[in-house]
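Here's a quick tour of one protein model, with an eye on its sheet and its pocket. Take a look at the structure first, then read on.

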Amino acid sequence: MVVLISGTGSNMAALLDACRSPEYGAQVVAVGSDRPGAGGLEKAEEAGVPAFVVPFRDYADRSEWDTAMSERIADFEPDLVVSAGFMRILGPAVVGRHAAVNIHPALLPSFPGAHAVRDALAHGVRFTGTTIHFLDEGVDSGPIIDQVPVPVEDGDDEAALHERIKTVERRMLVDTVGELARRGWTVDGRHVRLGRTGPSPTDASETKETP
Ligand code: GRF
């Protein structure tokens, strides 16, 4: 897999750790970022994993950047792209060419977008959580693979709640990516099934089996 990050990369680091065990069934072939200074890039290099940066500002528009990102990812021939704390919207050039999953720090479809933890706190929910989903061309809108709820505690601020979510998120990410790698998956409309075989979908044209 190619892992995409924009910041600290604690989720990426959890994946790198899991990949040390051959039984895990997946390998990180590269780590990519839109930000040259992303802390996670150093962690990747320390682990001996190639890192690349495709800075947004180097391209005339979003579509050119998206095409460059897609090409760079393709150089590593991944079976899966994992967006783990990648803070830009990936467009059709990436999403149309590569199977890609994203983690989001809320229980989608509630609180999509860049400020999910803040928005959940402001709304006063008692539970929020984390979601892993396949990417489509929308914002945090693709088919959901797994979700884990996290309680909001009295006195939580954004940082405290986000940290509690991230602890749960890392475990969910590692578990789910391992399952996808070992068992494959089928997407039938909005429904994701692990494994390459299963009950016949009602509309075969809607079904994608990968890889
Ligand atoms: C995670 O909470 C992820 O869901 C969100 O950004 C955070 C990234 O954290 N999109 P890290 O860089 O993996 O530490």
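A helix here is a DSSP run of H or I at least four residues long, and a strand is a run of E with at least two, both numbered from the N terminus. Keep in mind that this is a predicted model.

**The pocket**

So what does helix 6 bring to the largest pocket? Helix 6 gives the most to its lining, with four residues. The largest pocket itself has a volume of about 780 Å³. Of the 34 residues lining the largest pocket, Gly-85, Phe-86, Met-87, Ile-103 and Pro-105 sit closest to its centre. Here are the elements that each give two or more residues to that lining:

| Element | Residues |
|---|---|
| helix 1 | 10-19 |
| strand 5 | 100-104 |
| helix 5 | 116-123 |
| helix 6 | 158-183 |

As for chemistry, the lining of the largest pocket splits into 14 polar, 12 nonpolar and eight charged residues.

**The sheet**

Now for the sheet: it's open, has seven strands in the order 3-2-1-4-5-6-7, and its pairing is mixed. Strand 3 (51-53) and strand 7 (144-151) are the edge strands, each pairing on one side only. From one strand to the next, the twist averages 20 degrees.

Strand 6 (residues 127-134) and strand 7 run antiparallel and are joined by seven bridges. Thr-130, for instance, has Val-148 in strand 7 as its bridge partner.

Helix 6 turns up again here: it packs on the sheet, touching strand 4 (81-83), strand 5, strand 6 and strand 7. The direction of helix 6 makes about 30 degrees with that of strand 6.

Key. Residues numbered from 1 in each chain as written. Predicted model: local features only at pLDDT ≥ 70, side-chain atom pairs only at ≥ 80, totals over all residues. Heavy atoms only, no water. 1 Å grid on protein atoms, 1.4 Å probe; cavity = no way out; pocket = protein on both sides within 12 Å on 5 of 7 lines; lining within 4 Å. Points joined across faces, edges and corners; volume = space filled by probe spheres on them. Nonpolar A, V, L, I, M, F, W, Y, C, P; charged D, E, K, R; others polar. Pairing = 2+ DSSP bridges. Axes fitted to C-alpha atoms, helices over the stretch in contact; angles between N-to-C directions. Contact = heavy atoms within 4.5 Å.
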